[in-house]
Amino acid sequence: PDQLALTRALLDHQRVLSLALIVDDAPVIGLLPFAATAGYRALVVHASRLARHTRGLTHGAPFDALVHEPAVEGVDPLQVRRLTLRGEVLAIDASMPLHAQFRAAYLEKFPEAEPITQLGDFAFFVLRVTGGRLVTGFGGAANLTDDTLDALGR
């Protein structure tokens, strides 16, 4: 239960993730604001098509993402609680019925981003989570399995 609560808290309260993708056969990482969907089985990101990492956000592409608490002075960096997620990208466009749902989830967390969602070079992408790992500190870790992901949504 504590691990589920921490996972939810990281996904609900942290605002950015580090997103690792493959572009032109090379690893690329980007920093993006994100919002979790209801049930925590996916994350919604809004990215500029001008950014290099966005070229890796193609339908079905694999990703890894890292969400963590701030690393602040006085806290051992090995004790920073963090969540690594993996899965696949779902490319969506404005004509898809689910677009409005994903846009709403994103804007609920980032209402100030509404004007940017109108810009033509930005798009929403969904990161479907298939697994991951929660690290609660040095020596404390748990895998995110299908059962764990199901329990997050309850």
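1. Aromatic pairs. In this predicted model, the count of aromatic pairs comes to two. In one of them, the rings of Tyr106 and Phe110 have centres 5.0 Å apart. Their planes lie at 40 degrees, so this pair is tilted; edge-to-face would need an angle over 60.

2. The edge-to-face pair. The rings of Tyr106 and Phe124 have their centres 5.5 Å apart. Here the planes stand at 70 degrees, so the pair is edge-to-face. This pair links distant parts of the chain. Tyr106 belongs to helix H2 (residues 99-109), while Phe124 belongs to strand S6 (residues 122-137). The two residues are 18 apart in sequence.

3. The cluster. Tyr106, Phe110 and Phe124 make up one aromatic cluster. Are its members buried or exposed? Tyr106 is buried, with a relative accessibility of 4%. Phe110 is also buried, at 4%. Phe124 counts as buried too, again at 4%. The cut-off for buried is under 20%.

4. A charge over a ring. Phe34 has a charged neighbour: the charged end of Lys109 sits over its ring. The distance to the ring centre is 4.1 Å.

5. The largest nonpolar core. This core holds 29 residues. Which of them touch the most other members? They are Leu11, Leu17, Leu19, Leu43, Leu57 and Leu127. Helices H1 (2-13) and H3 each give two or more residues to the core. So do the strands S1 (16-23), S2 (26-36), S3 (42-48), S4, S5 (82-91) and S6. Strand S6 gives the most, with five residues. In soluble globular proteins, nonpolar side chains tend to be buried together.

6. The second core. A separate core of 11 residues is also present. Among its members are Ala35, Ile92, Phe102 and Phe124. Phe124 therefore has a place both in this core and in the aromatic cluster with Tyr106 and Phe110, and its low accessibility of 4% counts as buried.

7. Contacts of Leu11. Leaving aside residues up to four places away in sequence, Leu11 touches Phe34, Ala36, Tyr40, Leu43, Leu83, Leu85 and Lys109. Two of these names appear in point 4: Lys109 has its charged end over the ring of Phe34. Another, Leu43, is listed with Leu11 among the residues of the largest core that touch the most other members.

8. Confidence. The chain averages a pLDDT of 93, and 99% of the residues score at least 70. Where is confidence lowest? It is lowest in helix H3 (residues 146-152), at a mean of 92. Strand S4 (residues 62-68) has the highest, at 98.

Key
Residues are numbered from 1 along each chain as its sequence is written. This is a predicted model: local features need pLDDT of at least 70, side-chain atom pairs count only at pLDDT 80 or more; totals for chains, interfaces and linings use all residues. Side-chain values use heavy atoms; hydrogens and water are left out. pLDDT is the predictor's confidence in each residue, from 0 to 100. Helices (H or I, at least four residues) and strands (E, at least two) are DSSP runs, numbered from the N terminus. Rings of Phe, Tyr and Trp (its six-membered ring) pair if their centres lie within 6.5 Å; planes under 30 degrees apart count as stacked, over 60 as edge-to-face and the rest as tilted. Buried means under 20% relative accessible area, exposed over 50%, partly exposed in between (1.4 Å probe, protein chains only). A charge sits over a ring if NZ of Lys or CZ of Arg is within 6 Å of the ring centre and within 35 degrees of the ring normal. A nonpolar core is a set of buried Ala, Val, Leu, Ile, Met, Phe, Trp, Tyr and Cys residues joined through side-chain atoms within 4.5 Å. Contact means heavy atoms within 4.5 Å.
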